[in-house]
Amino acid sequence: MTLVSATASAMEHPQTVKDCLGWAARDPSGLLSPYNFARRTLGSDDVSLTITHCGVCYADVIWSRNKHGDSRYPLVPGHEIVGIVKEVGSGVSRFKVGDHVGVGTYVNSCRDCEYCNDGLEIHCVKGSVYTFNAIDADGAISRDSWGGAVTALHRIDMYCFRIPDNYPLSSAAPLLCAGITVYTPMVRHNMNQPGKSLGVIGLGGLGHMAVKFGKAFGLKVTVFSTSASKKEEALSLLGVDAFVISSDAEQMKAIGKSLDFIVDTASGDHPFDQYMSLLKATGVYVLVGFPSEVKFSPASLNIGAKTLSGSVTGGTKGTQEMLDFCAAHKIYPQIEIVPIQYANEALERLIKKDVKYRFVIDIENSLK
């Protein structure tokens, strides 16, 4: 996907209005500070949102600090966005003023390929347009190429999701990335069969949501962690059935060939053979983290006819389904709500894994 300077594009686009306040990084230091910028005028297929909350994802660290070498500054991060509709375009019928709405990791796609037609826009053949640091296929500023650390934005209605009225907006924010990232592969690989056993590697923003979905699906859930300090909270707060220190060979050996499924949320490099050995025959191992390499013996996969799969977020159909499921089953992320002025400290704590389990920025009450 071609990337351009968000600022230059916004200033040069003929249909923009400089009326938006956000927090942006200006260089690879990633330091965020107040920033006024332009957004395009409301289109016929747009929903205008007053943003109330935005979750903090590790993607915000990656692109605000140019970890992939493709960041364009100034850059406003944030792709776990929720807000309230304040205006809709003339062609919008799905939403009305006052509705609670969420926006996730992408804001556009070709809408014509087999994946878009199946509600799997994240896999769009021409590439989905990410929520920040991206441009549309026509070369215009991504509608909009700004993240959620802002007061208000316009979004295309088909990439917006209805937040059920009885669901807290602050809790909904992490569902738009962390939640859907684990929900999608769990449903795709039938990890929703009561009585089956699930292993979750890593107990962070994604991992704790995998635990919550697993318990809601009626699974027996085992958490794997390198930190014994998380055991009590995993058992008492999250209700996991078992907690295993992955560096303890005896604990790992004791549960060999006992799991039907594994969801691996760890992005740090780690061994895979020891986890593959925990799966039953025909077990499924899903990787949603991004370690620098995946290395294991072919025998770990072939013997037992196991499946190794990868996944990223989800399509519009699955995302709405997930939001409705969370509301119906009262599934809420564990969050720490912070003001926008705390954003830089939140990113530093996220890097240190010092959060249980997702920061959510209170945009409505702190970004003025």
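Take the side chains of arginine 111 and aspartate 45: in this predicted model, they meet in a salt bridge, with N to O at 3.9 Å. That sits just inside the cut-off, since a salt bridge asks for a nitrogen within 4 Å of a carboxyl oxygen. The two partners come from distant parts of the chain, 66 residues apart. Arginine 111 belongs to the loop between β6 (106–108) and α3, while aspartate 45 belongs to the loop between β2 (32–40) and β3 (46–55). Arginine 111 has a relative accessible area of 34%, so it counts as partly exposed.

How many salt bridges are there by this rule? The count comes to ten. Two of them lead to helix α12, so let's go there next.

Helix α12 covers residues 343–351, and its buried residues are Ala343, Asn344, Ala346, Leu347, Arg349 and Leu350. One of its salt bridges runs from glutamate 348 to arginine 65, with the closest N and O atoms 2.7 Å apart. Glutamate 348 lies in α12 and arginine 65 in the loop between α2 and β4 (81–88), so this pair ties together parts that are 283 residues apart in sequence. Glutamate 348 is partly exposed at 33% relative accessibility, whereas arginine 65, at 18%, is buried.

The other bridge pairs arginine 349 with glutamate 336, and here the closest N and O atoms are 3.0 Å apart. Glutamate 336 is in strand β16 (residues 335–338), 13 residues away from arginine 349 in sequence. Why does arginine 349 count as buried? Its relative accessibility is 19%, and the limit for buried is under 20%. Glutamate 336, at 26%, counts as partly exposed. Salt bridges can also share partners, and that is how Lys96, Asp99 and Arg162 end up in one network. As for what follows α12, look at lysine 353: its phi is positive, near 60°.

On to the rings. A pair of aromatic rings is described by the distance of the centres and the angle of the planes. The structure holds 13 aromatic pairs. In one of them, tryptophan 63 and phenylalanine 132 meet edge-to-face, 6.4 Å from centre to centre with 80° between the planes. Tryptophan 63 lies in helix α2 (residues 58–64) and phenylalanine 132 in the loop between β7 (129–130) and β8 (152–156), so the contact ties together parts 69 residues apart in sequence. Tryptophan 63 is partly exposed, at 22% relative accessibility, and phenylalanine 132 is buried, at 7%.

Now compare phenylalanine 213 and phenylalanine 325. Their ring centres are 6.4 Å apart and their planes stand at 50°, so this pair is tilted. It links helix α6 (residues 205–216), home of phenylalanine 213, to helix α11 (residues 316–329), home of phenylalanine 325, and the two residues are 112 apart along the chain. Phenylalanine 213 is buried at 0% relative accessibility, and phenylalanine 325 is buried too, at 15%. Both rings belong to one aromatic cluster, along with Tyr183 and Phe217.

What about the strands? Six of them form an open sheet with parallel pairing, and reading across you get β12-β11-β10-β13-β14-β15. The edges are β12 (242–245) and β15 (307–310), each pairing on one side only. On average, neighbouring strands of the sheet are turned by 20° against each other, direction ignored. To see one of the pairings up close, go to strand β14 (residues 279–287), which runs parallel to β15 and is joined to it by four bridges. Along that seam, valine 286 stands opposite serine 309 in β15.

Last stop: the surface. Which residues make the nonpolar surface patch of about 260 Å²? They are Tyr115, Leu120 and Val125. Leucine 120 lies in the loop between α3 (114–117) and β7. It is partly exposed, with a relative accessible area of 36%, which clears the bar for patch members, set at over 30%.

Terms used:
Residues numbered from 1 in each chain as written. Predicted model: local features only at pLDDT ≥ 70, side-chain atom pairs only at ≥ 80, totals over all residues. Heavy atoms only, no water. Buried < 20%, exposed > 50% of the residue type's maximum accessible area, 1.4 Å probe, protein only. Phe/Tyr/Trp six-rings, centres within 6.5 Å; stacked < 30°, edge-to-face > 60°. Patch = residues over 30% accessible without salt bridge, like charges linked within 9 Å, V, L, I, M, F, W, Y side chains within 5 Å. Areas by Shrake-Rupley, 256 points an atom, 1.4 Å probe, with all protein chains shown as cover. Pairing = 2+ DSSP bridges. Axes fitted to C-alpha atoms, helices over the stretch in contact; angles between N-to-C directions.
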